[in-house]
Amino acid sequence: MEFLKSGFKTVLGAAEHGQQPTAAETVEKLVDRVLSSTLLEDRRDACRALKALSRKYRVEVGAQGMPALVQILKHDCQDSEIISYALDALCNIIDAEEFDEETDNPVVSVNVGEQFTEMFIKVPEHVTIVMGYLEEYDFRVRRAAIQLITTLIANKTRDLQEIILVSPMGVSKLMDLLSDSREVIRNDALLLLIQLTKGNSNIQKIVAFENAFDKIFEIIQSEGCSDGGIVVEDCLILLLNLLKNNSSNQQFFKEGSFIQRLSPMFVIAPETEEIGWTPQKVSNMHCMLQVVRALVTPSNQQQVVSSCQKVMRKSNLLDSLCSILMGSGVPADILTETINAVAEIVRGDKENQEELSKVMAPSNPPRPAIVVLLMSMINEKQMLPLRCAVLYCFQCYLFRNEESHQKVVQTLLPSSESEVSSHSTGQLLCVGLFSTDPLANWFAAVALMHTLVDSVAQKEELMRVLLSTPGEGRPVTLLEQCTSLLQQDSYKLQSKVGLLMLLSMWLAHCPSAVSSFLDTNGTMAYLTAQISANEHDENEYLVQGLCAFLMGLCMQFNDNSITNHKRDDICQLVIKRIGQETFCNKLNEVSRHEAYSRACKQPQIRAKSAADLLLDYEYCKLYKGLEALIGKVVSGYDIDGIELTELTLSSEASALVAQYKGIIRGLDGQINILQQNSKQIEAKNADLEQKLSKLECLNTQLSDQNTLLKAQLGAVQNGLSTSGEASDTNELSSTQFQANLYCAENTQLKQELETLRLQLDNEKQHAATANNDLQKLQKDQEDLLELLTDQENKITRYEPLVYL
């Protein structure tokens, strides 16, 4: 600083009475020199001094010097040195971090960088001026411009995204930076694009159509793929930004055969097991797995997910991930994320699920990979994230695959031809179910529950499972054992919750399972005691709600085959021992619990701690679908246990039921037609949007060319008026011909663009109308189904009265 002080004395003159000027006074004089000096060298020296002061005295430099620095950017563009000083000074002023030099400055506030950013972007032209310097090849200017724009975006992301979107060829200028031969510029451009593409689907689409995927893969390959450095990680983060929650880019990525280019990156070299995984390779692999999951996550459009799943199988990406799954020396977090990725690749795709079932672990003797994974899930020594990932993978393996459900249940049946050992899927689940580890109980119960989702046949098959008992006692069924475990006082909270979810899924829509459950000693007494309890703990409320739901299933799906436990008997028990209002309040406790809202969000199980594992996604779907129906069953009786409906049935009841069924069948047909129409409209909309985007890009390019040609035409006309040479006349004619040609083409493209916009608006209007019709029909169908259910229940209940 001594040099700066002496320089200030020389330039500004010594302060009066021998006192040093304050920072604000110094900045004021420097700003005055920038604004008023006629010599470029003087302005350059003053700008260099402002840059030097901008780290320690950023408030003073920002408050007084920002207009002067902007003026330099506007008027001194021929001198790259002064431009680089101005850009660096502005970057220091708006930086979000606090500099070491200003730690003792009491004037600096916490968000001073953000405040100066707001001042700078109040005039959008300022950003446009800085964007213009991206085209300067000078290293200092281009890099300083990149860093300034990156900092602006980091501070005010949405505002800068909007400004860049309307800036002429703004995104194109940024994309061109990836082709810079200087690695420092290219790497800074990557960081800029990462900031720019966060959460803005329009910018993500434009970047993707600017050939971003090709450029990203070229950089990744030049840097060594998964063995590369931090640049590879930056490329993958940008790729993830472009793909996550963006169906258009996902489709473009798949159609451009980029999944095939992603697949070889998961082939792990043999020497990796010997030398180990470096921290950077772990980070790169983690990002690669997230890119895969961004394409097949259940929250994506089903059409995109299915098509990506097929390509991942055909390109051997699934095989490569399964090899990592069964490999040795794989870090735990990479193994966990690989399991999650495999889970989503196979979810709902029968061929991929079959492929996973064939994967064998390199053990002696070889065992199926699914069996090895389940062994990890019920092992209490394994880390919680890994156990959760295995459960998610097993659920995805079973999802919408009746054959997979059957295979698991068959391993438990007495007639099973599977190996008689403790290493089949079903037997491992039973080991976990009866373990002393509450988490193993929960994991096994939820896994077994998923074998019963939407499968009444497997619910009935599972009732045949017999378990041996100590001594010479008779074998007990699995359902009896689960019911017996539930009633034990020593059973922990998670164990109870897991069993209650399993039993609820088992009994729903399966009257034979309800009868078997009710026939087990003490079931109704236990459920009644739980629901009537006055515990005030939040988790105890949850258990009471789960018990109320289970009792409601015993009413709703009761075939009246068990004496003293018919539907009316249970309803009277609720009214006299629990109370209708109390029962309904306890039933509602499930949906009020934090675990319910957490589990409803997504199929994947996410838990920060073991205590977070309570409810499951599929159970919540079951509860949501039947809660209202159970509430109606209970509230349909008065305090004396008499059903609040007419006690006689007219002779027209059967005809009315038949009429309802006919209406429902008609609605089903209309819904199917509307769903097909909706899918066709969505596909057509996507195609039109893609064409529209391409035409808009082409139209912009032609407009720029047209402007350039007009400028050339003006220059030629000026030359012609002064020289009058014939060669200029020929050049004018040629230039006019090109201009007319481009104008005609531009006009035609504008017409096509307007036509496509009109078509897209019409299709969106049709899609909205079709969706409204579909929702209305689905609502009507739900109402009719409820009416039909009530009517059939009345017929079943009062048929004996009619015959009497």
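Aspartate 214 is partly exposed, because its relative accessibility is 24% and the partly exposed class runs between 20% and 50%. This value, like the others in this report, comes from a predicted model. Aspartate 214 forms a salt bridge with arginine 261, and the closest N and O atoms of the pair are 2.6 Å apart. Since aspartate 214 lies in helix H13 (residues 212-222) and arginine 261 in helix H16, the salt bridge ties together parts that are 47 residues apart in sequence. Arginine 261 also counts as partly exposed, at 25% relative accessibility.

Helix H16 (258-262) is followed by a loop that leads to helix H17 (271-275), and serine 263 is in this loop. Serine 263 is buried, because its relative accessibility is 5% and the limit for buried is under 20%. Leaving aside neighbours within four places in sequence, serine 263 is in contact with Ser315, Leu317 and Ser320.

**Salt bridges around lysine 156**

The whole structure contains 28 salt bridges. Lysine 156 takes part in one with glutamate 114 and in another with glutamate 118. The table lists these two pairs and the pair described at the start.

| Acidic residue | Basic residue | Closest N to O distance |
|---|---|---|
| Glutamate 114 | Lysine 156 | 3.4 Å |
| Glutamate 118 | Lysine 156 | 2.9 Å |
| Aspartate 214 | Arginine 261 | 2.6 Å |

Glutamate 114 is in helix H6 (residues 112-121), while lysine 156 is in the loop between helix H8 (139-155) and helix H9 (157-166); the two residues are 42 residues apart. Glutamate 118 also lies in helix H6, so its pairing with lysine 156 in the loop between H8 and H9 ties together parts that are 38 residues apart in sequence.

Are the members of these pairs buried or partly exposed? Lysine 156 is buried, with a relative accessible area of 17%. Glutamate 114 is partly exposed at 32%, and glutamate 118 is partly exposed at 34%.

Elsewhere, a network of salt bridges links Arg44, Asp45, Arg48, Asp79 and Glu81.

**Two helices in contact**

Helix H18 (residues 279-296) and helix H19 (residues 302-314) have axes that come within 7 Å and cross at roughly 135°. H18 is therefore oblique to H19, because an angle over 145 degrees would be needed for roughly antiparallel and one of 65 to 115 for roughly perpendicular. On the H18 side, the contact is made by Val292, Leu295 and Val296. On the H19 side, Val304, Val305, Cys308, Gln309 and Met312 take part. Sorted by type, the residues of this contact are seven nonpolar, one polar and no charged.

**Nonpolar cores**

Which residues touch the most other members of the largest nonpolar core? They are Phe266, Leu478, Phe517, Phe583 and Leu615, and the core has 221 residues. Helix H24 (residues 384-398) provides the largest share of this core, with 12 residues. A second, separate core has seven residues, among them Leu688, Leu695, Leu749 and Leu753.

Phenylalanine 517 can be looked at in detail. Not counting residues up to four places away in sequence, phenylalanine 517 touches Leu479, Thr483, Leu503, Leu507, Thr523, Met524, Leu527, Leu550 and Cys554.

How values were computed. Residues are numbered from 1 along each chain as its sequence is written. This is a predicted model: local features need pLDDT of at least 70, side-chain atom pairs count only at pLDDT 80 or more; totals for chains, interfaces and linings use all residues. Side-chain values use heavy atoms; hydrogens and water are left out. Helices (H or I, at least four residues) and strands (E, at least two) are DSSP runs, numbered from the N terminus. Buried means under 20% relative accessible area, exposed over 50%, partly exposed in between (1.4 Å probe, protein chains only). Contact means heavy atoms within 4.5 Å. A nonpolar core is a set of buried Ala, Val, Leu, Ile, Met, Phe, Trp, Tyr and Cys residues joined through side-chain atoms within 4.5 Å. Axes are lines fitted to C-alpha atoms, for helices over the stretch in contact, and angles run from 0 to 180 degrees between N-to-C directions. Angles under 35 degrees count as roughly parallel, over 145 as roughly antiparallel, 65 to 115 as roughly perpendicular and the rest as oblique. Ala, Val, Leu, Ile, Met, Phe, Trp, Tyr, Cys and Pro count as nonpolar, Asp, Glu, Lys and Arg as charged, and the others, Gly among them, as polar. A salt bridge is a side-chain nitrogen of Lys or Arg within 4 Å of a carboxyl oxygen of Asp or Glu.
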